[in-house]
Amino acid sequence: MTVRPSQQSTTGDESAVLGRDGEIARILRCATREPGTPQTLLLLGGEGTGRTALLRHVRDRATAEGVLVLAAQGWAEDPQHAHACLHQLLTPSVRDELAALPAAQQRLLTAAPHPDGPAADGTELHAAVTALLDRLAGTGPVLVCVDDADLCGRAFPEALFAAVRHLTGRALSVLLTARHEAALPAPPPGTETLWLGPLDGTSAAALLDRQPAAPTGRHRLEILAEAEGNPLALVELARGAADPATSVRRTHVFGARVDALPARTRRALLYAAAAGPGGTVAAVMAALGSGDLAVWAPAEAAGLIALAEDRFAFGHPLARSAAYLGRPAGERQQAHRELARVAVRPEVKARHLAVATVGADASVAAALEVSAWRRGDAVEAARALEQAARLSPRPPERARRLAEALTAAHAAGDPGWVRELYERLVQEGAGPESGCVAAGALASALSQESAQRAAFELLTDASEHFPAVDRSLALALAGLAAGIAAQSGLPEHTAALPGLLDRARQAEASGRWRPATTGPPTRLDTAHTRQSLAALVPAIARPRSAVTGAPPSRGTAHGTPPADRTILAAAARQADGADVDLGQSRTADERLRGARAFGLRGWSVLPLVDTLLATGRLAEAGSVIEDALTEAAVLRLPRLRADLETQALTVRALRGTLPPEPWFTPSVWRAVCLNENRATHARLLRARGLASVTRGDMEDAWRRFSGLFTADGAPLHPFLSARAVAELAVTAQRTGRSAEALPILDRVRAEQGDRPSTRMTLLLHHATALVGPDRDAEQHFQLALVNHGANRWPWECAHVRLNYAIWLRRCRRTLEARRQLTTVLETAEHLGAGALAAAAGSELRASGAAPAPADAGLLEQLTAQQRQIVQLAARGLSNREIGERLFLSPRTIGSHLYNVYPKLGISSRHQLRDLVQGR
């Protein structure tokens, strides 16, 4: 099949291939024969990874760029592989070129194969294919695409590889996809191999959400977990969820493979699938009542399952689905009963009994509730508690367990799941206590989506029931309201907080509302609401009975609980105590991350990143942002994604590695109302202001920073706006607007009181030196730097020194300016703050300092380990692959690369590869 070049753009949807931007870019560079790219590229991937869709997308893109595309498809049942694939290339436009070839080659290429005839001579076939491709490449670039090349036999790929070896100087590229590399002949030297792995979490969630009648809530999370990023599995499992009648058909070709196995092997596969991802070989063999591992041999030979030590690994997510859903319901029930019988851990036993139980069962429901948090996982806990509610025969227990499930689902962070459980709890006729718990969970979910007004109103309505609930619950909801008020920044919310707090204090400390008896601190009032109580309503005395959501033993056995850590961090953050803030926040964040409690982590991760950025820890901030962005995208939390995107832009602006615009995801920001999310708006304005400074557009930077304040200096956000006052002053001075900045500076200074924090003292002196009277400038520069505690804010100290040096140079005190600039440059390089380093370097040159030697090697400035990481990354290895080679974590590798990029003056791996290969 030939795809002709066209001057028109392709009609294919660019977004149809999700999560493969890197692979597409690499393949297109090969297809268009960019200098230094391989002539042959082999794309490998398992079943359902999207090889064909990616190949089709690349073909369309290459055609739009004027490349002649020849396409062929392998087919396992075709006995004449070589000629069948070759004939697919010989469409009429290609056959027109055959007339210029020798008659013998024409006959060889066009002859119809006979099943019983002799095979074509390999050397002659190679020569004929080479001659044809040479002729076609003489008039323009040619791309030969062969899908499932491992099903084309060996003769056809060998002929293509021979042509590549002979036509190294021609505009010819060959792209092959295959499932099994071993079935292919040896490729030409320099062939690049790409492995198409599973989609990342963001892309997998986006693909699932594009399916007709896409699932929501718990079912959505279950499909994402079961599919393991495999595109085919995502599509098929979504179809099964939309129409249960198709659940058996959704197993695709795997059902036939399972049915072809012996009966005892099919039974063993059912038990393995029922055991779930955490199931062990020992447990399944005990449930089967056999110790003979030979039962697995047929399934292993078919590639359906693999046994590694004491664990199972299904060869494909749909293989597990086929093994389970392909069996009758009675057999599935029996499998779970047997697995429950041999289970050692109580939570595993309860889970299997719940699946095997039809109708209500009080004992199984109680077992699920007791064991829900034993694994310390919010998602598993919510699922177990939801099942416990379903199995509860009495309405009071059902409502209480639904409320527990709701708080756990809120801790997990999926708003759809929260809404589903909230509606069920309302239908149950929840009492005041359960109703308040439900209102708090839904309000928190609404806030993380963007709806601050609706969230606060929900809590205001719930506060009418405060006298009838336990005081710890009422205070928790008041704390949550404070957090929502801080996010919204709306005056009416701030004004309503004292009334909510008064009603919460009037509640009785009855002890009726108590945490689950086991599990991590994931209750509604823990990490985020208690943080809000400490940070935003300092007048509240911390209640002695503050609920942690965990038994006291957990705090003593595993250190301070995350709830207490976030209280300490929040108090330190208000006082700009960076060391305590970071020490507590990091540990709490790691604990919540390990518990998959992103609903709670979403409240604490943004302040953590703010502090990391303020203290110049750009690499760590970037790593936390990247991880949190994936979670926010998977859970569909647009407001949180918007905040994280602004923080990511801040990192890039400070590092001097701004990507081309647009910097943000339009669909995310369309879902966020900035008027009721002023914290998000403040982060956005600062990020865009810093980006404009990096680009040298001071007029736009002034517009952004001045938007953080009203004309009379009132802050858009009470905490975040004030921390940008020095950046506002810099742009005011550079644009001749010092007079406009002074009222704002005076207002900020007045609101900080007589004893501002060390950081705010630094920022206020810095701003005053820039826009205040010039005669006092040096005194304020020095006052900003004199306090040793200011060293906790290294980027801001370096920023002061940079502007002090500029002032010194203007006063013709060049030597003093150089000393300041040298310190700035050293600090900026240590932090990886490329924009600050570039500014310091420019000022040094302006002060007459000798420039760096022109031939100084960029890589020589790196440490030995950094150079090793750079070399491996330039070869296309992922962070995980590099980490495995160097015995480092992927997160550490990412941190090193974040630090390296600004030193090398680049912003992407593509540029890194070009830089290393060009040396």
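Me: Why is T130 called buried or exposed, whichever counts?
Reply: T130 counts as buried, because its relative accessibility is 13% and buried means under 20% relative accessible area, with exposed over 50% and partly exposed in between (1.4 Å probe, protein chains only). This is a predicted model: local features need pLDDT of at least 70, side-chain atom pairs count only at pLDDT 80 or more, and totals for chains, interfaces and linings use all residues. Residues are numbered from 1 along each chain as its sequence is written, and side-chain values use heavy atoms, with hydrogens and water left out.

Me: Where is T130, and what is it in contact with?
Reply: T130 sits in helix 6, residues 122-137. Helices (H or I, at least four residues) and strands (E, at least two) are DSSP runs, numbered from the N terminus. Setting aside neighbours within four places in sequence, T130 is in contact with A162, A163, H166 and L167. Contact means heavy atoms within 4.5 Å.

Me: What makes S450 buried, partly exposed or exposed?
Reply: Its relative accessible area is 6%, so S450 is buried. S450 lies in the loop between helix 22 (432-449) and helix 23 (452-462). Its phi is positive, about 145 degrees, although S450 is not a glycine.

Me: Why does R636 count as buried, partly exposed or exposed?
Reply: R636 has 32% relative accessibility, so it counts as partly exposed. R636 is in the loop between helix 31 (618-634) and helix 32. Phi of R636 is near 60 degrees, a positive value in a residue other than glycine.

Me: What is the peptide bond from E661 to P662, cis or trans?
Reply: That bond from E661 to P662 is cis, with omega near 5 degrees. Most peptide bonds are trans.
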